[in-house]
Structures are given as C-alpha cells and as structure tokens.
Amino acid sequence: MKHIVVLTGAGMSAESGIKTFRDADGLWEGHDVMEVATPEGFKRNPELVLNFYNARRKQLNEVEPNQAHKDLARLENNYKVSIITQNVDDLHERAGSSNVIHLHGELRKIRSTKNENDIKVWTEDIHLGDNCESGYQLRPHIVWFGEAVPMIDKAVEICQQADILVIIGTSMQVYPAAGLLDFAPTQTPIYYIDPKPAMDKNGKVHIIAESATEGVKTLLHLLENATQN
Ligand code: APR
C-alpha cells in the first residue's frame, strides 16, 4: 500500500465553522494571537487565556467533521494514511482517521504548567487555582508560540516515508511545521489544497486552489487517474 502523508492547517476545519488564524487581520476569534497563544501572554493574563481556551474547547462540541475530514478517513481503504495536523481540534479523529499526530497540541487535553508530560483528558473548564496533583496550575495542552514542538521529530520521520504528500489549508508560515515538506523524498509528488495557496516551490508542487472539501474531491480523482494510467 502506498503511504499518503497529509499535513493539515486551520483551513481544513474552516468549513466545519472553526475560524482560521490569519484570515481575519491577525485576530483569532477576536484576540491577538500573541495575547492568547504565547507563554508571555499566559503570564500576563492567565485568566483571559484559560477562558479563551475554555471557549475553544466548548466550540468543539458544536462543530462536526466536514466532508474533507471524512474523505481523508476513507482514503485508509486504499492507502496507508498518516495525518500530521497543526490543528488542536479533534475533527480528523471524529471523522475516523486512525493515525493523527497533533503538532500544536490538543484541545481535549490539559497539562501541568510544571511538567509538560503530566497530561490528562480535559473534561471541564479550567480556572486560575485549578492545579495538577503536584499542586501546579493546569493549562491547556497547546503548543504556544516560542515553545518546543515535541512531535516534530516523529513528523519528520513520517514525511521521510511519504509516497505522496498532501498539504491542506495552511498558510505555511509557522515553523517548524512549514519546513516538513522539505523532508519528503525528492520523487514524492506534493499536492497543496488551499483557496489562497501560499507557495509553489518553483512549480514542484501541484496546486489545487480550492476549499478543502472541493480540493480533496479533486485530489481523489487525480489519484484514481494516476493508478489507472
Ligand atoms: N479550505 C482550505 N483552506 C482554507 C479554507 C478552506 N475552506 N479557508 C481558508 N483556507 C486557508 C487560507 O487560505 C490559509 O492559507 O487556510 C489557511 C489558514 O492559514 P492560517 O490561518 O495561517 O492557519 P495555519 O497555517 O494552520 O496556522 C499555523 O499558526 O497560529 C498558529 O498554532 C497556530 O496551528 C496554527 C499555526
């Protein structure tokens, strides 16, 4: 079975009703990203940051995987599929994908501010004063700007094994995620689905300038034709 590696960003979940980061004047759900997605922002105003993620987690219960999430899950019938997502939602998992790596953390999990490996399932709102068992403040299990990306080594290893690489709905501005495509073997075809594609790597990338739901359909046709030829 060929191995398809899919790198997804916020545009993947846009048609499920979750806003992207950079389509709204640098504001994320009305907030400056630096205010709610940095360790400094958390230090300055922890209550605001906790409330922000409490709201993001609640929003997850009101949205559903879109057709593109579902179509990617169905690809597993014919391919080995690895999904590397920058998204903190769980829509790939809920659509049925079985191999999902979250580069930037997960909204369904919390962790201790003291020990990044002390991670638990997140079920209720957290507030200032809610502590882990060792007595340290709890925070969302989200990788903020300026923090290490623990899953990046695993993601690099997966990209090195890609027979086909697909990039969906990301502005390719945030590293190290944006550098992952450079680890795919040189002969590996790269498809990039995004209505406003941000790069073409000197024409080496097959651009599908469509939304995720339309673009994944187009991709499936292209893959089908490629196997028939
Ligand atoms: N279908 C596909 N792509 C879409 C759609 C859609 N319906 N709507 C918008 N897009 C595209 C935009 O054109 C843009 O290229 O999704 C991309 C979203 O880009 P960003 O908002 O920058 O999101 P992303 O690339 O995932 O951001 C990376 O930055 O803020 C941090 O940690 C956060 O994981 C995030 C990272």
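**View 1. Where domain 1 meets domain 2.** In this predicted model, 13 residues of domain 1 are in contact with 10 residues of domain 2. Each domain is built from separate stretches of the chain: domain 1 takes in 1-18 + 65-104 + 148-229, while domain 2 is made of 21-62 + 107-142. If you compare the centres of the two domains, taken over C-alpha atoms, you will find them 26 Å apart.

**View 2. The ligand in its pocket.** Here we turn to the ligand, which sits in the largest pocket. Which domains supply the shell around the ligand? Both domain 1 and domain 2 do, with at least three residues from each.

**View 3. The residues around the ligand.** A total of 21 residues surround the ligand. Those that come nearest are F21, R22, T170, S171 and D194, so these are good ones to pick out as you look at the shell. Sorted by class, the shell holds nine polar residues, seven nonpolar ones and five charged ones.

**View 4. Backbone atoms facing ligand oxygens.** Now for a closer look at three spots where the protein backbone meets the ligand. At A10, a polar backbone atom lies 2.8 Å from an oxygen atom of the ligand. At Q86, a backbone N or O atom is 3.1 Å from a ligand oxygen. At G169, the distance between a backbone N or O atom and an oxygen atom of the ligand is 3.3 Å. How much of the ligand's surface does the protein bury? Taken alone, the ligand exposes 740 Å², and the protein buries 92% of that.

Notes. Residues numbered from 1 in each chain as written. Predicted model: local features only at pLDDT ≥ 70, side-chain atom pairs only at ≥ 80, totals over all residues. Heavy atoms only, no water. Near = heavy atom within 4 Å. Polar contact = N/O pair within 3.5 Å; in protein donor to acceptor, adjacent residues only side chain to side chain. Areas by Shrake-Rupley, 256 points an atom, 1.4 Å probe, with all protein chains shown as cover. 1 Å grid on protein atoms, 1.4 Å probe; cavity = no way out; pocket = protein on both sides within 12 Å on 5 of 7 lines; lining within 4 Å. Sits in = over half its atoms within 2 Å of the grid points. Nonpolar A, V, L, I, M, F, W, Y, C, P; charged D, E, K, R; others polar. Domains from an automatic or database assignment. Contact = heavy atoms within 4.5 Å.
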